[in-house]
Amino acid sequence: MTQTACELTLGEETIRIETGEVARQAGGAVLLRHRDTILFAAATASANPTRLPYMPLTVDYRHRLAAAGRIPGSYERREAKATTPEVLVSRVVDRSVRPFFPAGWRYDTQVILQPLSYDPRSDLEALAVIAASAALNLSDVPFRVPLAAVRIVAAGEGLLVFPEPSRRSAARLEALVSTSDEGIVMVEGGGREAPEEEVLEALALAHRATESAREAIASLREAAGKPARSFALPARDEALRARVDQLARSALTDALAGASKQERAAATGAAWERVRAEALGAEPEAEVEAEAREAFESAKKELIRERLLAGQRLDGRAPDEVRSISGRSGWLPSCHGSSLFTRGETQVVATCTLGDGRSAQRLESLDGERTERFLLHYDFPPYCVGEVRPLRAPGRRELGHGALARRALESVLPPLEDFPFTLRLQSTVTESNGSSSMATVCGGSMALFDAGVPLRAPVAGIAMGLVCEGERAVVLSDILGDEDHAGDMDFKVAGTHAGITAIQLDNKLGALPLDLMREGLERARAGRLHILGRMSEVIAAPAEPRPHVPRAATRRIEPARIRDLIGAGGRTINGIRGATGVEIDVDDAGLVFLFAPPGADLEGALSRIDDVAGLPRLGETYTGRVVAVKPFGAFVRLFQGVEGLLPGVATSPGAELRVRVAGVNPKGKLELQQA
């Protein structure tokens, strides 16, 4: 058993990659070590090719809670289906490695990643990309591009490379960036209205910071990599393909100029039927027809690219022009907040629901259990693209789009203490022709406003595209679905007037230079500001909540008074709940959360809590009730169990007085002054 290893640096951290000891029957396998984290990765391809017309790649990242010394909290006490965080890491790895497989590779390929030991100071997303890249480069899969990833965080006065996760929560920008030697491969990040220049600076730093990692993977491949598997490209009938290409270019010239997606689809469908009949005859064999269809789609893609490079978009827009925008808010009367956002032929129905703390989602991960009080669920039903298929649980794409939209909106939400609701946004895509995730951002921002949520600023999103052929390149704003399919880049940017809140980049070229990224960001900013302007015509500020919308509030009490608020066996707090209809919870720090459904007495609950758990503060003024009168003054009740002496005042029991806390007399009693 031969073990080979290499070391690399990310920022100030040292990472070690080992191979040859574990999983020796896999195509390629590594153990990546960072501090006390040990991350396993294996990459394997099937022995025989599939008949699929695309590369079948599956990436599965799974947690095993034993890595953190924990037993799963599920009923069966074992890990089950992939959780949303696991799916999102799998997508990050998939999007990083997918562009670098050779054309014509049709072998089922699987990358499996699993932390065997977990140190909370490790960034598993970045490490997963590095480990997957190493495993693929060591395997017999003809994947020979060293990739690396790093997280860049903007905090304080500068940028941090590969920081501990604890440094990310307060950062104004954090981005996970995958790189190759040629440039930027994948970006997944967000910010607190980060400026475009800082984003570009972070991307440039990420490329420099990952150089050591890419060099280490290349050296490990030279030392221990398997020879790349030779494979034959799928057999092609070149004469048939040439005939179909010629016929398709003639038939598609006018079909691609349709004004709408449905018109273009109908015209291209008719064009295919004409090409099929002329090139294949009446009853072609299934395999022959499949190859002809593949050649037809290839010709269609090339024609679209040629048109775009010539400045002719499918719907007639200029490269930097955004589609027409319309919207409505508050149109679903029983919802707490709602919107309808339409951009061209992409449309979403968004709803916002306000709930109490018990509605928060409980999540279990390697870091333990936590609660999430902002939920965003994205649904993509089949009718939105004119299809028929069974409804199933959300797939990886839907989870990824929902996570991107959630990131775009999260940083503008009010603090929990100021707005103590659980928020659930649900976005249903009712029409789709490109960039439904960014439409979700726009519709979600409007629905939050309609529910009365005091966002720091409205948020809009836009998807940018790119077509590049040699020295010729065109950047496209607000791409259509066909432009995305035929293009080389999908660059989604969301933000406010002030800056970026979410960014996501995928590309098919392998890597993108920073000058194209700069142009994309500049165009995205202009488009974003245009969209925000149109959104403000529909709703520009938080609406006044309607009568059926619940209310919420917080009170901060001294931890020493928590026991008084709860009472023996919960009697006091339950009494307030029963008398007012308000749900009340209190945390260990003394922050009290109140949730009032329609008809509940929120003000009454707050008053009772103040009375039960209040503590007087020196110099503050209160309304108190006289409970006893003595020759030397009156005793005034401020809160339950808290009284003070108001000297030299003639009054009667039961009177209400405004008093100020002046201090404590020698007998340890509160001394009051009349206010």
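Asp478 turns up in the loop between strand 19 (472-477) and helix 10 (481-486), and that loop residue is a handy way into this structure. Keep in mind that what you're looking at is a predicted model. From Asp478 we'll hop to another residue with an odd backbone angle, then to two sets of strands, and finally to two pairs of packed helices.

**Two residues with an unusual backbone angle**

- Here's some background: most residues other than glycine have a negative phi.
- Asp478 isn't a glycine, yet its phi is positive, at about 55°.
- Is Asp478 buried or exposed? Its relative accessibility is 0%, so Asp478 counts as buried.
- Glu193 also goes against the trend, with a positive phi of about 60° even though it is not a glycine.
- Where does Glu193 sit? You'll find Glu193 in strand 10 (residues 183-194).
- Glu193 has 19% relative accessibility, and buried means under 20%, so Glu193 counts as buried.

**An open sheet**

- Quick reminder before you trace it: strands of a sheet pair through backbone hydrogen bonds, either parallel or antiparallel.
- One sheet is open and has six strands, in the order 1-2-3-4-6-5, with mixed pairing.
- Which strands form the edges? They are strand 1 (4-10) and strand 5 (57-61), and each of them pairs on one side only.
- If you ignore direction, neighbouring strands of this sheet are turned by 20° against each other on average.
- Zoom in on strand 3 (residues 28-34) and strand 4 (residues 37-49): they run antiparallel and are joined by seven bridges.
- To follow one of these pairings yourself, start at Leu32, whose bridge partner in strand 4 is Leu39.

**A closed barrel**

- Further along the chain, five strands make a closed barrel that runs 25-26-27-29-28, again with mixed pairing.
- From one strand to the next, the twist averages 55°.
- How many bridges join strand 26 (residues 633-639) to strand 27 (residues 642-647)? There are six, and these two strands run antiparallel.
- Look for Phe635 here, as it stands opposite Leu645 in strand 27.

**Helix 3 against helix 11**

- Two packed helices are described by the angle between their axes and the distance between the axes.
- For helix 3 (residues 196-209) and helix 11 (residues 514-536), the axes come within 10 Å and cross at roughly 155°.
- Angles over 145 degrees count as roughly antiparallel, which means helix 3 is roughly antiparallel to helix 11.
- The crossing of helix 3 and helix 11 is right-handed.
- On the helix 3 side, the contact uses Glu196, Glu197, Val199, Leu200, Leu203 and Ala204. Helix 11 brings Leu514, Met517, Arg518, Leu521, Arg525 and Arg528.
- What kinds of residues are these? Seven are nonpolar, five are charged and no residue of the contact is polar.

**Helix 6 against helix 7**

- The axes of helix 6 (residues 261-280) and helix 7 (residues 286-309) come within 11 Å and cross at roughly 130°.
- With that angle, helix 6 is oblique to helix 7.
- Helix 6 makes a right-handed crossing with helix 7.
- Helix 6 supplies Thr268, Ala271, Trp272, Val275, Arg276 and Leu280 to the contact. They meet Val288, Glu289, Ala292, Arg293, Phe296 and Lys300 of helix 7.
- Sorted by type, the residues of this contact are seven nonpolar, one polar and four charged.

Notes. Residues are numbered from 1 along each chain as its sequence is written. This is a predicted model: local features need pLDDT of at least 70, side-chain atom pairs count only at pLDDT 80 or more; totals for chains, interfaces and linings use all residues. Side-chain values use heavy atoms; hydrogens and water are left out. Axes are lines fitted to C-alpha atoms, for helices over the stretch in contact, and angles run from 0 to 180 degrees between N-to-C directions. Helices (H or I, at least four residues) and strands (E, at least two) are DSSP runs, numbered from the N terminus. Angles under 35 degrees count as roughly parallel, over 145 as roughly antiparallel, 65 to 115 as roughly perpendicular and the rest as oblique. A crossing is left-handed if the near helix is turned anticlockwise from the far one by less than a right angle, and right-handed if clockwise. Contact means heavy atoms within 4.5 Å. Ala, Val, Leu, Ile, Met, Phe, Trp, Tyr, Cys and Pro count as nonpolar, Asp, Glu, Lys and Arg as charged, and the others, Gly among them, as polar. Two strands pair if DSSP finds at least two bridges between them. Buried means under 20% relative accessible area, exposed over 50%, partly exposed in between (1.4 Å probe, protein chains only).
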